[in-house]
Amino acid sequence: MQARSNRRKISTTVAPETDTFLKSLIRQGKASSLAEAVDRAVAVARRMESRRRLEAATSAYYESLSGKALDEEKKLELAAGGASSLVDFDGE
């Protein structure tokens, strides 16, 4: 997480279920404070958005290919697919 001096103060209200969720992260030991719980939840949302953008860019790339280039990419996909299933990208 960010150093305390780099943090920005915000004031907001949240839905009761959001408050319950954030506090559950603290109870579970996944966050030490409400601010850290918010940071964790936002980090997950940002990762999801990054993956969505990567998926869209990848899809557009493959849709632009044809012929030999597409065949070569399919071979690479099969080779990399097996290896990537062993990687924990979220470090969890």
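## Surface and charge

In this predicted model, the protein chain exposes about 7900 Å². Carbon and sulfur atoms supply 56% of that area. Burial is the other side of the account: 8% of the 92 residues count as buried.

The chain carries 16 positive and 14 negative charges. The mean position of the positive charges lies 8 Å from the mean position of the negative ones.

## Overall dimensions

The protein chain has a radius of gyration of 20 Å. A compact globule of 92 residues would come in near 12 Å. Along its principal axes, the C-alpha trace spans about 55 × 30 × 25 Å.

Contacts can also be sorted by sequence separation. Take those in the protein chain with a separation of 6 or more. Of these, 33% join residues 24 or more positions apart.

## Helices

The fold is built from three helices and zero strands. Read along the sequence, the pattern is α-α-α. Helix H1 covers 16-27, helix H2 covers residues 34-64, and helix H3 covers residues 67-84.

## Before helix H1: arginine 7

Arginine 7 sits in the segment before helix H1. Its relative accessibility is 27%. That value makes arginine 7 partly exposed, because the partly exposed class runs between the 20% limit for buried and the 50% limit for exposed.

How far is arginine 7 from alanine 80, 73 residues apart along the chain? Their C-alpha atoms are separated by 39 Å.

## A buried position in helix H2: alanine 37

Alanine 37 is found in helix H2. Is alanine 37 buried or exposed? The relative accessible area is 0%, so alanine 37 is buried; the cut-off for that class is under 20%.

Which residues does alanine 37 touch, leaving aside those up to four places away in sequence? The partners are Leu22, Leu25, Ile26 and Ala31. Phenylalanine 21 is 16 residues away from alanine 37 along the chain. The C-alpha atoms of these two are separated by 8.9 Å.

## The aromatic pair

How many aromatic pairs does the structure hold? There is one aromatic pair. Tyrosine 61 and tyrosine 62 form it, with 5.5 Å from centre to centre and 75 degrees between the planes. The geometry is edge-to-face, because the angle between the planes is over 60 degrees.

Both tyrosines can be placed by accessibility. Tyrosine 61 has 38% relative accessibility and counts as partly exposed. Tyrosine 62 has a relative accessible area of 27% and is also partly exposed.

## In helix H3: glycine 67

Glycine 67 belongs to helix H3. At 47% relative accessibility, glycine 67 counts as partly exposed. The value falls short of the exposed class, because that class needs over 50%.

Glycine 67 and threonine 12 are 55 residues apart in sequence. In space, C-alpha to C-alpha, the two are 54 Å apart.

Technical notes: Residues are numbered from 1 along each chain as its sequence is written. This is a predicted model: local features need pLDDT of at least 70, side-chain atom pairs count only at pLDDT 80 or more; totals for chains, interfaces and linings use all residues. Side-chain values use heavy atoms; hydrogens and water are left out. Rings of Phe, Tyr and Trp (its six-membered ring) pair if their centres lie within 6.5 Å; planes under 30 degrees apart count as stacked, over 60 as edge-to-face and the rest as tilted. Buried means under 20% relative accessible area, exposed over 50%, partly exposed in between (1.4 Å probe, protein chains only). Helices (H or I, at least four residues) and strands (E, at least two) are DSSP runs, numbered from the N terminus. The radius of gyration is taken over C-alpha atoms; the globule rule is 2.2 Å times the number of residues to the power 0.38. Contact means heavy atoms within 4.5 Å. Accessible areas come from the Shrake-Rupley method with a 1.4 Å probe; for residues, only the protein chains shown count as cover. Lys and Arg count as positive and Asp and Glu as negative; His and the chain ends are not counted. The place of a charge is taken as NZ of Lys, CZ of Arg, CG of Asp or CD of Glu.
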